Amino acid sequence: MSSRPVRPWQIAVDLDPAGDLPLFVQIAHAVSADIRRGRLRPGDPLPGSRRLADDLGVHRNTVLAAFRELESEGWIDSARARGTFVSPTLPEPTPRRAGQALRTGVPARPAFDLAPGPDGYFPIPRTPGLLVLPGGVPDLHLVPAASLARAYRRALARPDLLGYGDPRGLVDLRRALADMLAATRGLACGEDDLIVTRGSQMALSLVARALLRPGDVVAVEDPGYRPAWEALRLAGARLVPIATDASGLDVDALAALLEREPVRAVYTTPHHQYPTTVTLAAGRRLQLLALARAHRMAILEDDYDHEFHYEGRPVLPLASGDAAGSVVYVGTLSKVLAPGLRIGYCVAPQPLLERVVAVRSFTDLNGDRTLEAAVAELLTSGEVGRHIRRARRTYLARRDALLAALATRLAGVLRIAPPSGGMALWARTHGVDPSAWARAAQARGVAFQVGKQFSFESRPLPYVRLGFAGLDERGLTEAVRRMTLALADLRKS
């Protein structure tokens, strides 16, 4: 289906009746200039001669003369009963020197200096036929889309939701989230203790800007989640990596850092450490809370996939045992429902939360109130809870299917400790360069992440991360087959 507008845009022309050029030439020059700079593209429809004459306040014959001029130069094509369109094959506008590029659209470079900035984070593109094994991405086919659509239609019928609203988020959704967090995670919070954001990444960014001063030290897990690191850096933080092991964050190493210099905050993923999926050990959890109290350090707890725990009971968040007000708790519905819905939240002590809300009010004013109302309805009706239970069973079966396929085909290459929760495997490689394997795998039609992507200093790590939630059992088996073929290709080269 064409993305061209059904009706043409208005053509803006500043006409000078007292100028040296006739009006029809001025119109022709303005239209050809819009085509050269990319405002009008090949195939775009132009307004009819009567409408353009009315818009410009000139006689229709003047517009017709301009169109004849443009058509004779090859800029436009006219067809009876169809209209007038920008020509699909444009003429050379002016003679150019050899090697000089035609400049159209927005200038390629600014006329001012830019400070250093981040490169940006973009997920693996979904090209046709490519099997993607990204960690942390749910199966969008499982989303209760019909229920969400009905709830969204009901929300659209409420005119009050289409105006500006509370930057904390719709009270219905805040109340529903607070009830969910109290029931499933032991957080004693109410609707006024949290803010709804466009995903957990926005929550982290707002917290960073509300909490940090330029130069503040923030400890982060290594390996860890790079988008969170960059959100902290953009707020002026100086990041210090802390190693992780089979018990999660090395809290002793954090304690040693605190003895050397003040640490404003620590960013951690204690439930399912990102990317290794290990759970922070009970003793370390208590030690971390004690360190935070003693050193007046904030704990930024990112509980990004709490719902998907398969072995035993989920571990309660650090925030559930925080009586001192050290923990800022961030969560999301991106893994529960869909990342494109952009529903995240943050629970924090009131003074910090007020600052977060203030920052949000100057950043985004408020979220998508219609969507928030629809999601609140799904939460209070129990639809989200039922969906989580279905998805948990499905993802457990997929985890086991991927483990079985890897054990059959790649047992000598990958060593894996089956994760008790999460949506991905963290597998140690033996006898193969993960990055080279990933490149060969892409050529075979399967994509996965490698350890280097999660290293604080981007150093090579002998690991790959294989997400299992987004593909069914057949797709996972085929992905492993392609990984095996790619490994054979690599060994032949």
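How many cavities of 30 Å³ or more does the structure hold? The structure holds 1. Before we look around, note that this is a predicted model, where local features need pLDDT of at least 70, side-chain atom pairs count only at pLDDT 80 or more, and totals for chains, interfaces and linings use all residues. Residues are numbered from 1 along each chain as its sequence is written, and side-chain values use heavy atoms, leaving out hydrogens and water.

**The sheets**

- Helices (H or I, at least four residues) and strands (E, at least two) are DSSP runs, numbered from the N terminus.
- One open sheet has 8 strands, in the order 4-11-10-9-8-5-6-7, with mixed pairing; two strands pair if DSSP finds at least two bridges between them.
- Strand 4 (194-197) and strand 7 (248-249) sit at the edges of that sheet with a single partner strand each, so one side of each has no neighbour in the sheet.
- Strand 8 runs parallel to strand 5 (217-222), with 3 bridges between them, and it also pairs in the parallel sense with strand 9 (298-302), over 4 bridges.
- Ala265 has a partner on either hand: Val218 stands opposite Ala265, and in strand 9 the bridge partner of Ala265 is Ala298.
- Strand 8 is covered on both faces, with Ala265 and Tyr267 buried on one side and Val266 and Thr268 buried on the other; buried means under 20% relative accessible area, exposed over 50%, and partly exposed in between (1.4 Å probe, protein chains only).
- Strand 6 (238-245) and strand 7 run antiparallel, joined by 2 bridges, and Asp245 stands opposite Gly248 there.
- Another open sheet has 4 strands in the order 12-13-16-15, with antiparallel pairing.
- Strand 12 and strand 15 are at the edges of this 4-strand sheet, each with a single partner strand, so one side of each is left without a neighbour in the sheet.

**His272 and its surroundings**

- His272 lies in the loop between strand 8 (265-268) and helix 9 (282-295), and counts as buried because its relative accessibility is 1%.
- Its side chain makes a polar contact with the side chain of His309 at 2.8 Å; a polar contact is a pair of N or O atoms within 3.5 Å, where within protein one must be able to donate a hydrogen and the other to accept it, and residues adjacent in sequence count only if both atoms are side-chain atoms.
- Beyond its neighbours within four places in sequence, His272 is in contact (heavy atoms within 4.5 Å) with residues including Thr277, Tyr304, Asp305 and Gly422.
- Pro275 is in the loop between strand 8 and helix 9 too, and the peptide bond from Tyr274 to Pro275 is cis, with omega near 15°.

**Empty space**

- The largest cavity has a volume of about 40 Å³, and its lining includes Thr277, Tyr304, Asp305 and Gly422.
- On a 1 Å grid over the protein atoms alone, a cavity is a set of points where a 1.4 Å probe fits but cannot get out, while a pocket is an open set with protein on both sides within 12 Å along at least five of seven lines; lining residues have an atom within 4 Å of a point.
- Grid points are joined across faces, edges and corners, and a volume is the space filled by probe spheres set on the points.
- The second largest pocket has a volume of about 490 Å³ and is lined by 17 residues, with Leu211, Arg264, Arg296, Ala298 and Gly325 nearest its centre.
- Helix 10 gives the largest share of that pocket's lining, 3 residues.
- Arg296 sits in the loop between helix 9 and strand 9, is exposed at 76% relative accessible area, and has a positive phi of about 50° although it is not a glycine.

**Helix 13**

- Helix 13 (434-443) has several buried residues, among them Pro434, Trp437 and Ala441.
- Part of their cover comes from strand 12 (414-416), strand 13 (424-429) and helix 14 (473-492), among others.
- Asp433 caps the N-terminal end of helix 13, with a side-chain oxygen 3.2 Å from the backbone nitrogen of Ser435.
- Just after helix 13, Gly445 takes a positive phi of about 95°.
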